[in-house]
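The following exercises concern a single protein chain and are to be solved from its sequence and coordinates. Each task is followed by a solution in steps.

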Amino acid sequence: MQEQPTPIRLWPGDAPGALGQEPHDIPTLTPYFPDAKSATGAAILICPGGGYGHLAPHEGEDYALFLNTLGIAAFVLQYRLGNNNYRHPAMLQDAARGLRTIRANASKWDIHKNKIGIMG
């Protein structure tokens with residue numbers, strides 16, 4: 001069993017348009033990696049649903065662990081939400097930054113840059 005993954009801050013300082021310093025103001029990416037023997041080099045950025053009001057917990061880690069069984073690396077995005085007074089384009093900025101972060105670290109994480117997708 002893999003150890004509990006550590007979230008990665010998406011932005012080195014405040015996210016663009018951040019409204020504070022609370023955890024909901026700090027977008028993160030939590031990596032879940034498959035067993036090296038079954039890894040395909042594919043990755044998925046998971047944006048848990050919730051109508052921009054909340055992040056559905058069953059659409060984050062549960063999906064990531066399932067994708068790992070298929071040899072796919074998964075990254076769960078904690079993005080800024082409307083119920084915390086964020087509006088478009090904050091959510092899109094966080095998703096785009098998540099994809100860029102995965103691409104920038106692809107070689108370190110054994111991911112093929114042309115095999116990265118997004119769901120949510």
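**Exercise 1. Determine the burial state of Asp94 and list its surroundings.**

Step 1. Asp94 has a relative accessible area of 0% and is therefore buried; buried means under 20% relative accessible area, exposed over 50%, and partly exposed in between, with a 1.4 Å probe and protein chains only. The model is predicted, so local features need pLDDT of at least 70 and side-chain atom pairs count only at pLDDT 80 or more, while totals for chains, interfaces and linings use all residues. Residues are numbered from 1 along each chain as its sequence is written, and side-chain values use heavy atoms, with hydrogens and water left out.

Step 2. Asp94 belongs to helix α2. Helices (H or I, at least four residues) and strands (E, at least two) are DSSP runs, numbered from the N terminus.

Step 3. When neighbours within four places in sequence are set aside, the contacts of Asp94 are Leu10, Trp11, Pro27, Leu77, Tyr79 and Arg80. Contact means heavy atoms within 4.5 Å.

**Exercise 2. Search the whole structure for salt bridges and locate the partners.**

Step 1. The criterion is a side-chain nitrogen of Lys or Arg within 4 Å of a carboxyl oxygen of Asp or Glu. Side chains of opposite charge can pair when their charged atoms come close.

Step 2. The search of the whole structure returns one salt bridge. Its partners are the side chains of Asp94 and Arg80, at 2.7 Å from N to O.

Step 3. Because Asp94 lies in helix α2 and Arg80 in the loop between β4 and α2, the pair ties together parts that are 14 residues apart in sequence. Both Asp94 and Arg80 are buried.

**Exercise 3. Characterise Trp11, one of the contacts of Asp94.**

Step 1. Trp11 is placed in the loop between β1 and β2. Its relative accessibility is 12%, so Trp11 counts as buried.

Step 2. Along the chain, Trp11 and Asp94 are 83 residues apart, and their C-alpha atoms are separated by 9.0 Å.

Step 3. Not counting residues up to four places away in sequence, Trp11 touches Pro16, Pro27, Gln93, Asp94, Arg97 and Arg100.

**Exercise 4. Derive the topology of the sheet.**

Step 1. The protein chain contains two helices and five strands, which follow the pattern β-β-β-α-β-α-β along the sequence.

Step 2. Two strands pair if DSSP finds at least two bridges between them. Strands of a sheet pair through backbone hydrogen bonds, either parallel or antiparallel.

Step 3. The five strands form an open sheet of mixed pairing, in the order β1-β2-β4-β3-β5. Its edge strands, each paired on one side only, are β1 (8-9) and β5 (116-119).

Step 4. Two bridges join the antiparallel strands β1 and β2, and Arg9 has Thr28 in β2 as its bridge partner. Strands β2 (residues 28-32) and β4 (residues 73-78) are also antiparallel, with five bridges; here Pro31 stands opposite Phe75 and Tyr32 opposite Ala74. In contrast, β3 and β4 run parallel and are joined by four bridges, with Ile46 opposite Val76 in β4.

**Exercise 5. Explain the burial of β2 and place the helices.**

Step 1. In a regular strand the side chains alternate between the two faces of the sheet. For β2, Thr28, Thr30 and Tyr32 lie on one side and Leu29 and Pro31 on the other, and all are buried.

Step 2. Five of the five residues of β2 are buried, so this strand is largely enclosed by the rest of the structure. β4 is mostly covered, with five of its six residues buried.

Step 3. Helix α1 (residues 61-69) lies across β2, β3 (43-46), β4 and β5 and runs at about 170° to β4. Helix α2 (residues 90-104) lies across β2, β3, β4 and β5 and runs at about 155° to β5. Axes are lines fitted to C-alpha atoms, for helices over the stretch in contact, and angles run from 0 to 180 degrees between N-to-C directions.

**Exercise 6. Assess the overall dimensions and contacts of the chain.**

Step 1. For 120 residues, a compact globule would have a radius of gyration near 14 Å, and the value of 14 Å for the protein chain agrees. The radius is taken over C-alpha atoms, and the globule rule is 2.2 Å times the number of residues to the power 0.38.

Step 2. The C-alpha trace spans about 45 × 25 × 25 Å along its principal axes.

Step 3. Of the contacts with a separation of 6 or more, 69% are between residues 24 or more positions apart. Buried residues make up 43% of the 120 residues.
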